[in-house]
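Dear colleague,

I am handing over the structure we spoke about, and it is shown just below. After it you will find my notes, which you may like to read with the coordinates open.

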2 protein chains.
Amino acid sequence: MKQADIVVIGGSAAGLAAAFTARRHYADKSITLVRKEKQVLIPCGIPYIFGTLGSSQKNLIPDAGLQKNRVDLLLAEVTKVDRETRTVYTTEGEIRYERLVLAMGSRPAMPPIPGFDLDGVFAAVKDAEFLDNLRKRLEIVDDVVVVGGGFIGIEFADEINKMGNKNITVVELMDHCLSLAYDTEFCIEMEELLKSRGISIRTSTKVEQISGNGKVEKVILSDGTEVKADAVILGIGAVANVDLARKLGLRIGLTGGVAVDRTMKTSDDNIYACGDCAEKISFFGGKASPLKLASIASAEARIAGANLFGIRRENVGTVGVWSTCVGDLALATAGLTEAMASGQGYDVVAVTVQCPNRHPGTLPGAAKITVKLIFERNSGVILGGQVMGDVSAGEMINAVSACVQSRMTADQIAMFQMGTHPLLTASPIVYPLVDAAETAIGMMHRS
Amino acid sequence: MKQADIVVIGGSAAGLAAAFTARRHYADKSITLVRKEKQVLIPCGIPYIFGTLGSSQKNLIPDAGLQKNRVDLLLAEVTKVDRETRTVYTTEGEIRYERLVLAMGSRPAMPPIPGFDLDGVFAAVKDAEFLDNLRKRLEIVDDVVVVGGGFIGIEFADEINKMGNKNITVVELMDHCLSLAYDTEFCIEMEELLKSRGISIRTSTKVEQISGNGKVEKVILSDGTEVKADAVILGIGAVANVDLARKLGLRIGLTGGVAVDRTMKTSDDNIYACGDCAEKISFFGGKASPLKLASIASAEARIAGANLFGIRRENVGTVGVWSTCVGDLALATAGLTEAMASGQGYDVVAVTVQCPNRHPGTLPGAAKITVKLIFERNSGVILGGQVMGDVSAGEMINAVSACVQSRMTADQIAMFQMGTHPLLTASPIVYPLVDAAETAIGMMHRS
């Protein structure tokens, strides 16, 4: 029987980061990664297969990292795990482990909508062949309805739109697209941009039925209107892959992920879980968090991988940092929005500032940058931030995230020592993180 | 006689940020800003007047902020200050103060080189008319020598080069350009880029003499070679403007700036100083620091402005965060370089990682990003970082700076929760700050 000190099940962000971290922390341990996919897709890159990249083959995670980190790859499907004998049974034989890492990810949520099983209804399944076939199918359709206006929904919509000559409609249940990540004013900017690119946005409405004769023909909304559809893309979220964990009798958490403690250990001392399949708690207050992101998966995996033979790290909870980009507009968020913070019971001070992203603003490439920071009024501690602007917003949010993770106060951020340059950033006099923090202090009535 | 609760002398980054911060913290105080320049130039934007902008008029700090913040402007030169009666004497009359803020900035250092007073030798004087005249002069010359290969030197060189049809030579005393901000490997990349753009780089050599008959004709170097020159630009650093402070009898610090405590107060209880004219201490070890940057000036001004009528903030010392950009290559630095940290006596672990700035790397706009992080071996605390890549490096360095300012350890950075997106950042699996930190942990032999 094969044997490895560490067996990782799953080959995407969580599995890879767990294996690589384990290698760095435990140089002498043998590591085997088991996955069923011949090729692994970059999960966040999937929407870009449709318009920008043109093929799933341009959106692969290379296997070179496995060799470099001395991680053995077993291409197989796991059929069973015996916790007593610490044995993973696969379609390609059995393997014994000392420590097991579950990194099985998630699958698209399937809504309980009549007609979701019609031909022409697709979810964003993470499979190269499936996606290439979907792309071919989309090339020949005229009317596409995207169900769900979160990141996946709007990115799919914009990328399919780039394929040309299609009518695309995004249907969102909430009042605005992206409202789980941004406050309303930012959501509206993105909706306007999408509309200006020819995409129809239908918010505050629900898909009641997907209808057609064997093949999808139209989508019927809760407001009674019907939208013609040759294809429907479901982008309503993801569900943790916990079938195996359930079979194993591991504890499952409130949001449906494998329950873990702060060391990423499951209810079995020899089994860890990380990424989309693992239950998360929020950095803010410690409640269960439903967020599922590759960046969270990687961070959790670096905790799990380091802890396999001794506790070295603890998870402080999920901050939730992510971003999207349509055309020249990048939107990024870290931590709580104003609405979320207020809803959770924080006494919130929120400040939005705007400035050019270059100084002087007459320089080529200059664009408006908008930053909103959210603070708790009494402590002054930052709870979150949102950045809208050019491509640099994608890294500026990481400066915000560092402030959040360090639980910095508005006063500390007002003294933040940032680097500025005419061609790269806003002016130091109005640097938006600092400007927003200083404005917030005035609103806290502490002067 | 006029009277203001707060008088600020100087209208650039430090003076403006001090006045605006004072307004935010002391809503009812009257504030007057005294400056002699009709128009204030964006200091870091000065090199871009020559190639990119074409005129000093496109590189101005607008006065609108003064009105918005209810700051009175007095266009006048300060001739004297009486500390006893708290009176500022100017060419436009006298003004009494409760608190005085010195924000008089710096002027270009003039080297003790024979011939530096010849016609055709220029420093980067922060004056619109002077710079526009310099630009006109540079339009008709063929051979330009830039003395000094720091930021100002290389930015001037590249911008003058954009004016076309000139031979430009940068002369640098040290082994490499930019070596006060970057480790050698980054300096070399920038030097190679400048050379590929047609600029000659002469390092490890000194200008012995600027020679000519009334007007500059050539520059004679310490290695005996001569470089033809119709114009010479001096970019060898800046000297604090402390003439007034000396006259006032204020204490002057080791590097020649006005001495201040951590609240930015000078040796006079009613006088504060900030920006290039103020003495600085390093965030690392607390020694005197010669750094002069608009971003540091702004941060110090926000401390001074808040403290004028009660101590609200203390200066933790200068981290030193800055960046430059030539063509598509941005270089950014925060804190200590490996060489500086070793030189100061730290036991250093330095790690450099590279990855694409997009994921997949097949996306349009993908480029290589290089990140070097420097840690203290025993504590694991980050001492500095350098980022080289696309425009986003300008904000990524601010995430590094946040880590430095929070004195985060390699282990904390390895668990950093960053936001990632295919079109905006590196992949979460190889996100360079995290990857460098994790690699450093392995090198600390703590596993």
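The notes below take up the pair of chains, then the interface, then the domains and one sheet.

Please keep in mind throughout that this is a predicted model.

On the pair of chains, chain B is superposed on chain A by a rotation of 180° with 0.0 Å of shift along the axis, and the RMSD of that superposition is 0.0 Å. That is the relation of a two-fold axis. Both copies use the same surface, in that 100% of the contact residues of chain B recur in chain A. If you wish to find the axis on the display, the residue of chain B that comes closest to it is Ala399(B), whose C-alpha lies at 1.9 Å from the rotation axis.

As for the interface itself, 66 residues of chain B are in contact with 66 residues of chain A. On the side of chain B that touches chain A, at least two residues each are supplied by the helices α1 (13-25), α7 (294-307), α9 (393-405), α10 (410-414) and α11 (432-443), and likewise by the strands β22 (321-326) and β23 (329-335). The largest share of that side comes from α9(B), with 10 residues. Sorted by class, the side of chain B that touches chain A has 34 nonpolar residues, 25 polar ones and seven charged ones.

Within a single chain, the domain assignment divides chain A into domain 1 (2-107 + 239-307), domain 2 (110-236) and domain 3 (321-443). The C-alpha centres of domain 1 and domain 3 of chain A are 33 Å apart, and the contact between these two domains involves four residues of domain 1 and six residues of domain 3. The domain 1 side of that contact has two nonpolar and two polar residues, with no charged residues.

Finally, chain A has an open sheet of three strands in the order β14-β15-β16, with antiparallel pairing. The strands β14 (207-213) and β16 (226-228) of chain A stand at its edges with a single partner strand each, so one side of each is left without a neighbour in the sheet. From one strand to the next the twist averages 30°. Between β14(A) and β15 (residues 215-221) of chain A, which run antiparallel, there are six bridges, and within this part of the sheet Asn213(A) has Lys215(A) of β15(A) as its bridge partner.

With best regards

Definitions and conventions:
Residues numbered from 1 in each chain as written. Chains lettered and ligands numbered in written order. Predicted model: local features only at pLDDT ≥ 70, side-chain atom pairs only at ≥ 80, totals over all residues. Least-squares fit on C-alpha atoms with pLDDT ≥ 70 in both. Contact = placed C-beta atoms within 7 Å. Helix = DSSP H or I, 4+ residues; strand = E, 2+ residues; numbered from the N terminus. Nonpolar A, V, L, I, M, F, W, Y, C, P; charged D, E, K, R; others polar. Pairing = 2+ DSSP bridges. Axes fitted to C-alpha atoms, helices over the stretch in contact; angles between N-to-C directions. Domains from an automatic or database assignment.
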